[in-house]
Amino acid sequence: MLTAQNLHCVRGGRRLFENLSFAVPSATLLRVSGANGAGKTSLLRMLCGLLLPSGGDVLWRDVPIRQQREAYWRELRYIGHLAGIKDEFTAAENLIFAAALSGVNITASIARAALEQLGLARFAHIPVRMLSQGQRRRVALARLALPDTTAALWVLDEPLAALDNDAADCVISLIDARLAAGAVVVMTSHQPFTVAAELRSITIPV
Amino acid sequence: MSAINWFKYSSPHSFYPLAGRMVPWFLGAAALFGITGLYVAFFVAPTDFQQGESYRIIFIHVPAAWMSMFIYLVMAGWAGAGLVFNTRLSGMMARALAPTGAMFTFLALWTGALWGKPTWGTWWVWDARLTSELILLFLYIGFLSLTAAIEDDRRADRAGAVLALVGVVNIPIIYFSVVWWNTLHQGASVSLKSAPKMATTMLLGMLLLAVAFWLYSLAAAMLRVRSIIREREPRAAAED
Amino acid sequence: MSLWTLIVQRDLRIAWRRRSDALSSLFFFIIVVSLFPLGVGPEPGTLRLMASGVLWVAALLATLLSLGRLFAADHLDGTLEQMLLAEEPLWLVVAAKVCAHWLTSGLPLVLLSPLMGLQFGLQAEEIAVLTGALLLGTPVLSLIGAIGAALTVGLRAGSVLLALLVLPLYIPVLVFGAAASGAHASGLAVTPHFSILGALLLASIALAPWTAALALRISME
């Protein structure tokens with residue numbers, strides 16, 4: 001479903017990778033690894049269409065993503081290094097807004113249920129600025145627990161970082177469930193993990 | 001026509017040697033046109049019966065003002081092409097032209113002031129054309145500052161391109177507003193429109209110098225593009 | 001609820017929680033306007049003559065001051081990145097944010113301007129012309145400013161650069177806005193000025209969000 005053709009990446013005058021090609025069929029997880037600074041985040045942002053490749057193309061369902069834009073983004077959920085949540089709002093409000101950006105309208109009780117899955121039930125209605133770093137991370141990841149049937153591609157940048165074991169297990173089980181529903185998941189992780197579905201790996205050479 | 005592949009020279013790799021070969025020709029031609037133009041300006045064109053010899057500065061002023069606007073248009077053209085076709089060379093050309101454009105804008109303002117002093121007794125009048133030229137200088141400075149402030153080359157090229165296009169859309173509106181403002185306030189009792197009526201020899205001198213300035217701009221832009229390519233893509237430059 | 005209302009509502013709520021930010025640019029406007037009589041002298045005739053120009057320049061600067069906030073916070077916490085991946089066109093998101101920006105920065109200036117006009121000894125009718133022109137002109141300032149804010153988002157020297165980029169583009173609004181008062185003072189009709197300001201507003205509504213969206217995509221790479 002997701003194909004990369006001869007991707008080149010030049011950032012700040014430095015050549016990060018060239019001629020990177022791969023194809024990920026549905027219900028498959030692609031794990032991207034590589035040393036620090038190899039260009040993992042750049043690759044993920046390229047797959048999302050945030051970063052224009054210096055060469056090559058990213059295809060989704062055999063069509064270049066730059067020709068699909070909003071239609072592609074409707075199916076894509078990206079969770080990057082930055083949490084994308086506002087300190088002033090409660091966890092539930094943040095979740096509702098994040099879902100609305102992807103075109104998913106949810107009620108407060110659905111948001112609450114998603115937060116509950118990540119162990120944040122008690123913190124759903126207090127401003128996020130009161131939460132710890134790990135808890136904020138979980139608020140961002142709670143997007144993955146929403147009943148979000150349009151999402152066919154998850155791109156996750158270090159989703160397991162800064163999580164305790166319970167939360168990490170929960171995220172892995174959410175990934176498993178989404179893969180079972182036929183989605184593609186692309187992620188980076190320094191922590192070891194296992195999934196039930198097919199797992200492919202790609203390493204960006206330095 | 002079909003035999004010429006225009007996109008071939010849109011790659012820095014093939015443009016680098018081409019630019020290198022063209023620079024001496026452009027510079028030589030610029031010198032030739034420049035000397036002829038200056039000869040016409042100083043020896044052929046008659047002395048103005050009102051302004052005496054001091055009017056001769058318009059032989060520099062007018063072509064410089066033409067060039068300042070023309071270069072901005074060319075720059076925006078390259079910028080637009082860069083955004084549409086996503087070619088690397090376009091951004092480089094736009095950035096290579098900007099300093100020369102700013103230089104001519106400054107030259108036009110400077111010679112305008114020098115001309116103003118003996119003619120109107122003041123270094124600066126808020127004349128519509130001088131004011132527009134000043135705003136054009138601001139636009140050039142904005143472009144140069146923005147591209148200088150961004151470290152990533154591609155972002156700098158593309159952000160500069162957007163700004164150049166926004167500028168080009170705004171220039172007519174700005175010019176129109178300044179003319180409106182000028183007529184409303186009637187502050188400047190003199191204006192550049194009171195310049196002596198153009199004789200054919202005067203027009204000839206200005207045209208010669210405008211061509212010289214344009215050839216010089218091309219040579220300067222080529223030299224700058226070559227140094228940009230050397231900096232960004234040493235591989236393309238090394239094979240020359 | 002549509003994404004537009006959601007974003008406007010959200011930005012208004014953020015502005016309310018950080019109301020000291022919005023208030024400081026408002027006070028900046030008041031102080032700048034009040035400095036002019038101190039610099040030029042309290043002669044009522046001179047003050048009345050320069051009132052509209054002073055208010056317009058102060059409005060330009062105050063808008064500029066608040067523009068830095070347009071995308072900066074969303075950029076820092078990663079929300080902007082999520083907005084780039086929204087399933088609605090980005091220009092719509094930008095337009096909603098600009099709308100909220102004008103409601104929190106431009107509109108207060110417009111509402112405050114009659115008071116500042118009184119400070120300069122303007123008559124009721126002059127105040128009406130000035131306020132009307134500001135009402136049409138300040139949204140243009142927010143719209144054009146969004147392009148500059150998008151181009152400079154995340155840059156170290158962002159705020160100074162923003163001024164360099166945006167102020168020259170503000171000149172037509174300044175000229176026609178201030179000229180409306182000038183025309184009224186010399187007994188001419190103000191409708192042509194208002195029509196031109198309206199045309200500028202329509203043109204920037206049509207073009208600015210789209211351009212700012214393009215600039216944002218480039219800046220966020």
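Trainee: What percentage of the residues of chain B count as buried?
Mentor: In this predicted model, chain B has 240 residues, and 50% of them count as buried.

Trainee: How many helices and strands are there in chain B?
Mentor: Chain B contains 7 helices and 0 strands. Its pattern along the sequence is therefore written α-α-α-α-α-α-α.

Trainee: What share of the contacts in chain B with a separation of 6 or more comes from residues 24 or more positions apart?
Mentor: Such residues account for 80% of those contacts.

Trainee: And what is the accessible surface of chain B?
Mentor: The accessible surface of chain B is about 11700 Å², and carbon and sulfur atoms hold 70% of that area.

Trainee: Let us turn to chain C. How many residues does each chain bring to the contact with chain B?
Mentor: Chain B gives 26 residues to this contact, and chain C gives 26 residues as well. Together the two chains bury about 2400 Å², with 79% of this area on carbon and sulfur atoms.

Trainee: How many salt bridges does the rule find across that interface?
Mentor: The rule finds 3 salt bridges between chain B and chain C. One of the salt bridges joins B:Arg158 to C:Glu221, where the closest N and O atoms are 3.8 Å apart. This pair counts because the limit for a salt bridge is within 4 Å.

Trainee: How many residue pairs are in polar contact there?
Mentor: Across the interface of chain B and chain C there are 6 residue pairs in polar contact, both residues being at pLDDT 80 or more.

Trainee: Which helices of chain B each supply at least two residues of the side that touches chain C?
Mentor: They are helix 4 (128–149) and helix 5 (153–185). Helix 5 of chain B provides the largest share of that side, 15 residues. By class, the side of chain B that touches chain C consists of 18 nonpolar, 4 polar and 4 charged residues.

Trainee: A change of topic: what is the phi of B:Asn86?
Mentor: The phi of B:Asn86 is positive, about 55°, although this residue is not a glycine. Most residues other than glycine have a negative phi. B:Asn86 sits in the loop between helix 2 (58–85) and helix 3 (88–120) of chain B.

Trainee: Why does B:Asn86 count as partly exposed?
Mentor: Its relative accessibility is 41%, and partly exposed covers the range between under 20% and over 50%.

Trainee: What about A:Arg61, and where is its place in chain A?
Mentor: A:Arg61 is in the loop between strand 4 (55–60) and strand 5 (63–64) of chain A. The phi of A:Arg61 is near 50°, a positive value in a residue other than glycine. A:Arg61 counts as partly exposed because its relative accessibility is 42%.

Technical notes:
Residues numbered from 1 in each chain as written. Chains lettered and ligands numbered in written order. Predicted model: local features only at pLDDT ≥ 70, side-chain atom pairs only at ≥ 80, totals over all residues. Heavy atoms only, no water. Helix = DSSP H or I, 4+ residues; strand = E, 2+ residues; numbered from the N terminus. Buried < 20%, exposed > 50% of the residue type's maximum accessible area, 1.4 Å probe, protein only. Contact = heavy atoms within 4.5 Å. Buried area = accessible area lost by both parts, 1.4 Å probe. Salt bridge = Lys/Arg side-chain N within 4 Å of Asp/Glu carboxyl O. Polar contact = N/O pair within 3.5 Å; in protein donor to acceptor, adjacent residues only side chain to side chain. Nonpolar A, V, L, I, M, F, W, Y, C, P; charged D, E, K, R; others polar. Areas by Shrake-Rupley, 256 points an atom, 1.4 Å probe, with all protein chains shown as cover.
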